[in-house]
Amino acid sequence: MFSDHQKACLLRLAEASIRHGLSRGLPLVVTSGDYDPLLAEPGACFVTLHRSGNLRGCIGSLEARRPLATDVAENAFAAAFRDPRFPPLSEREWDGLEIDISVLTRPEAFPVDSEQDLLVNLSPGVDGLVLEERGHRATFLPAVWDSLPEPRAFLDHLRLKAGLPPGYWSDTIQFSRYRTESFGRQVESSAAEAEPGTDRLD
């Protein structure tokens with residue numbers, strides 16, 4: 001869906017927003033009209049950060065409610081500084097930081113009659129899954145299949161993430177699924193603080 005040039009632009013934008021957060025405590029303000037028309041259209045993404053192979057933050061959107069360029073900048077900042085599982089990213093953690101962006105397709109309802117029906121029809125390595133049940137909600141990106149390749153384990157860990165016990169099932173539980181286009185890179189250790197406009201495609 002995205003060209004290499006567009007992917008590089010989104011990655012630079014995520015990097016710039018995190019650098020802006022380190023120096024100013026705020027995400028980079030994006031003027032969507034400065035970007036390629038595809039990146040200015042509404043889009044939903046998750047931004048995931050790793051250091052030394054370990055998760056360092058992951059925040060995202062399931063629904064496209066703002067321009068994709070804005071969503072990337074806001075979620076990159078949030079992954080670095082607002083993920084409640086981690087302390088805010090520090091300057092000393094910049095070197096070696098890896099940024100991955102997953103742009104989501106629109107989630108589609110995934111009606112199933114039973115847990116077995118769900119497990120049989122999941123596509124490991126391809127499907128992202130959203131679980132919703134009476135105020136509980138959680139999602140796993142397709143990348144999670146890398147660490148949980150067996151569908152039942154994938155589902156049980158998703159239930160735990162949603163605050164439900166393994167094996168939980170009810171007549172009201174709902175699922176939707178989506179797919180992603182994912183790309184990433186390690187930040188440049190010598191990168192100077194980026195300012196608005198430095199990631200334009202023109």
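This briefing walks through two sheets, the cores and one buried arginine. The model is predicted. One open sheet has four strands in the order 3-2-5-10, and another open sheet has four strands in the order 6-9-7-8. Helix 3 packs on the 3-2-5-10 sheet, while helix 5 packs on the 6-9-7-8 sheet. Helix 5 is also where you'll find Arg 159, a buried residue with a relative accessible area of 0%.

**The 3-2-5-10 sheet**

- Pairing in this sheet is antiparallel, and neighbouring strands are turned by 15 degrees against each other on average, direction ignored.
- Strand 3 (54-60) and strand 10 (180-186) each have a single partner strand, so one side of each is left without a neighbour in the sheet.
- Strand 2 and strand 3 run antiparallel and share six bridges; for Val 47, the bridge partner in strand 3 is Ile 59.
- The hairpin of strand 2 and strand 3 has two residues between the strands, and Ser 52 takes a positive phi there, near 55 degrees.
- Strand 5 (residues 97-104) is joined to strand 10 by seven bridges, again antiparallel; Glu 98 has Gln 186 as its bridge partner in strand 10.
- Helix 3 (residues 68-81) touches strand 2 (45-51), strand 3 and strand 5, and its direction makes about 35 degrees with that of strand 2.

**Nonpolar cores**

- As a rule of thumb, nonpolar side chains in soluble globular proteins tend to be buried together.
- Here the largest nonpolar core counts 32 residues. Those with the most contacts inside this core are Leu 13, Ile 18, Leu 49, Leu 68, Val 72, Ile 99 and Ile 101.
- Helix 1 (4-24), strand 2, helix 3 and strand 5 are the elements that give two or more residues to this core, and helix 3 gives the most, with nine.
- Take Ile 101: leaving out residues up to four places away in sequence, Ile 101 touches Leu 10, Leu 11, Ala 14, Cys 45, Phe 46, Val 47, Val 72, Glu 181, Ser 182 and Phe 183.
- There's also a second, separate core of 19 residues, with Phe 110, Leu 118, Leu 119 and Leu 129 among them.

**The 6-9-7-8 sheet**

- The pairing in this sheet is antiparallel too, and the edges are strand 6 (108-109) and strand 8 (136-140), each pairing on one side only.
- Two bridges hook strand 6 up with strand 9 (residues 174-178) in the antiparallel sense; Ala 109 has Ser 176 as its bridge partner in strand 9.
- Helix 5 touches strand 7 (128-133), strand 8 and strand 9, with its direction at about 135 degrees to that of strand 8.

**Arg 159 up close**

- Arg 159 sits in helix 5 (residues 151-161) and counts as buried because its relative accessible area is 0%, against a cut-off of under 20%.
- Which side chain makes a polar contact with the side chain of Arg 159? That's Glu 115, at 3.0 Å.
- A polar atom of the Arg 159 side chain also lies 2.6 Å from the backbone oxygen of Tyr 168.
- Setting aside neighbours within four places in sequence, Arg 159 is in contact with Glu 115, Leu 131, Leu 164, Pro 165, Pro 166, Gly 167, Tyr 168 and Trp 169.

Definitions and conventions. Residues are numbered from 1 along each chain as its sequence is written. This is a predicted model: local features need pLDDT of at least 70, side-chain atom pairs count only at pLDDT 80 or more; totals for chains, interfaces and linings use all residues. Side-chain values use heavy atoms; hydrogens and water are left out. Two strands pair if DSSP finds at least two bridges between them. Axes are lines fitted to C-alpha atoms, for helices over the stretch in contact, and angles run from 0 to 180 degrees between N-to-C directions. Contact means heavy atoms within 4.5 Å. A nonpolar core is a set of buried Ala, Val, Leu, Ile, Met, Phe, Trp, Tyr and Cys residues joined through side-chain atoms within 4.5 Å. Buried means under 20% relative accessible area, exposed over 50%, partly exposed in between (1.4 Å probe, protein chains only). A polar contact is a pair of N or O atoms within 3.5 Å; within protein, one must be able to donate a hydrogen and the other to accept it, and residues adjacent in sequence count only if both atoms are side-chain atoms.
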